[in-house]
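Open the model in your viewer and switch to a cartoon view. The tour below tells you what to select at each stop.

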Amino acid sequence: MMMKKLGLLLVGSTILLSSCSLFDRGQGNGDIYGSSSSSQVVSESSESSSSNSSQSSVSTSSQSSSSTTSSQSSQLSSSSSEAASSSSSASSSSSVVADSVAAYFPLSKGYNACFTGDGIEYSSFKRTYDFIDGNLLYMRSDNGGTTTLEVLRITDDKVQSLFHRPEAYAHEAIPQDMVTQMDEPGTIYLQAPLKVGNKWQTTDASREITGMDVAIKTPTGNYKTIEVIEKRKDGSTRTEYYAKDVGLVYAVDELKGDSGYRVTQSLSKLAYKGWTEPLPYQFVTGPDAFGTATEKAWMTTNTSMALIFTEMFQGKYTVDEVIMPNKASIQSITTNGQMSGQGKEITVDFTGDIASLATDDLGKEKMDAMITSIDQYYNADNVIVTVNGKLMDIQNVVTLTKEAPYYPIEQGSQM
């Protein structure tokens with residue numbers, strides 16, 4: 001019988017996605033910047049003081065300086081990461097940079113980066129830009145312990161977080177109305193005018209631009225950056241460095257004192273050609289009999305998961321078992337935006353040719369396998385299946401109604 005399992009494959013998925021040592025080098029995933037050395041920041045030429053670190057320091061061409069302390073959770077890396085760090089650095093002159101804020105957080109398609117952390121477990125993370133919708137960026141960050149989704153609005157004036165969700169393991173777009181109607185928008189990461197001394201309040205902290213043209217060296221290269229310090233009520237600070245046309249390249253979290261900590265996160269690998277992601281695949285081996293595998297699919301910003309699953313079910317990846325008719329396809333896969341365990345629904349819409357499963361001796365098993373694979377990838381609570389927008393009704397396969405719209409997937413363990 002068909003069984004449903006939540007979580008096991010997602011754990012494996014997290015490990016594969018998060019490991020920077022497994023940075024994608026396959027189809028379409030060339031390293032633009034390699035990792036050839038440990039993260040370092042250019043030694044100071046000004047009078048600024050730096051936090052203790054054998055591998056990093058900060059410099060600017062100006063003469064002003066400012067020290068920082070940082071926080072217990074990295075705002076941009078992962079919600080469950082306890083990464084925190086600080087770096088003291090010099091500030092530059094207060095001249096306004098002509099570039100817009102958006103130039104320092106570009107909406108780059110195919111963005112796939114690794115940040116190497118030092119100082120605490122789970123400080124390293126991998127980041128992908130899953131979707132770009134106008135000025136909205138859907139950004140997933142995976143630190144090996146959890147994966148978080150954050151939606152940012154990026155304009156010429158500011159970069160602001162609109163939506164944040166932990167345990168976001170799938171490549172899925174939260175409905176835009178759900179994102180834009182949040183009662184309390186989150187952190188403003190960067191805000192105009194881009195000049196030293198610009199301060200603003202954001203959530204439970206204050207932020208300030210404390211340096212311009214701060215020289216930062218990472219394994220991906222040397223950058224001139226904008227330094228932004230976030231000061232929190234607990235005395236911790238987070239200092240972030242943004243490079244034009246790249247975005248975040250370095251961050252330091254720190255809390256000073258006997259119980260303090262210092263954590264650094266440095267851009268160690270960067271590519272703009274997408275990434276690979278594991279997908280659970282259940283296929284049919286006979287009447288009421290199934291096999292399982294994990295496929296690796298190449299995807300990039302705005303990739304359609306409907307297309308990815310269609311290709312996989314038609315045997316176009318490494319597992320050559322075909323469970324979807326060649327003339328059929330999945331037209332869309334949509335989510336209601338809820339979290340797993342809290343009413344998360346996925347709607348899968350097929351083209352009319354899927355009805356040919358009615359005359360297939362294994363048609364029921366094939367449909368079961370397809371829906372189970374999709375369900376496990378999204379970790380959904382319920383799956384609605386439609387054909388051209390109408391609830392699926394295929395003889396010998398399944399009949400869904402308004403009273404019973406969810407595809408029947410038995411509880412248990414199968415993969």
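Select residues 275-286 and 289-299: these are strand 15 and strand 16, paired in the antiparallel sense over eleven bridges. Strands here are DSSP runs (E, at least two residues), helices are DSSP runs too (H or I, at least four), and both are numbered from the N terminus. Two strands count as paired if DSSP finds at least two bridges between them. The model is predicted, so local features need pLDDT of at least 70 and side-chain atom pairs count only at pLDDT 80 or more, while totals for chains, interfaces and linings use all residues. Residues are numbered from 1 along each chain as its sequence is written, and side-chain values use heavy atoms, with hydrogens and water left out.

Stay on this pair. Pick Pro278, and find its bridge partner, Lys296, in strand 16. Now go to the turn. Strand 15 and strand 16 form a hairpin with two residues between them. Asp288 sits in that turn and has a positive phi of about 55°.

Next, the twelve-strand sheet. Color its strands in the order 8-7-6-5-4-3-14-13-12-11-10-9; the sheet is open and its pairing is antiparallel. Strand 8 and strand 9 stand at the edges with a single partner strand each, so one side of each has no neighbour in the sheet. On average, neighbouring strands are turned by 25° against each other, direction ignored. Such angles are taken between axes, lines fitted to C-alpha atoms (for helices over the stretch in contact), and run from 0 to 180 degrees between N-to-C directions.

Zoom in on strand 3 (residues 112-118) and strand 4 (residues 125-133). Four bridges join them, and they run antiparallel. Show Phe115: opposite stands Phe125 in strand 4.

Two backbone details come next. Most residues other than glycine have a negative phi, and most peptide bonds are trans. Asp213 is not a glycine, yet has a positive phi of about 55°. Look for Asp213 in strand 10 (residues 205-218). Then select Ala192 and Pro193: the peptide bond between them is cis, with omega near 0°. Pro193 lies in the loop between strand 8 (188-191) and strand 9 (199-202).

Move on to the four-strand sheet. Strands 17-18-19-20 form an open sheet in that order, with mixed pairing. Its edge strands are strand 17 (330-335) and strand 20 (390-391), each paired on one side only. Strand 19 (residues 382-387) runs antiparallel to strand 20, and two bridges join them. One to show: Val387 has Lys390 in strand 20 as its bridge partner.

Now add helix 4 (residues 363-378). Helix 4 lies across strand 17, strand 18 (345-350) and strand 19, at about 140° to strand 18.

Which helix does helix 4 cross at roughly 135°? Select helix 3 (residues 305-313): the two axes come within 11 Å. That crossing angle makes helix 3 oblique to helix 4 (under 35 degrees is roughly parallel, over 145 roughly antiparallel, 65 to 115 roughly perpendicular, the rest oblique).

Show side chains at this crossing. Met305, Phe309 and Phe313 in helix 3 meet Met370, Ser373, Ile374, Tyr377 and Tyr378 in helix 4 (contact means heavy atoms within 4.5 Å).

Last stop: Phe309 and Phe313, four residues apart in helix 3, about one turn of the helix.
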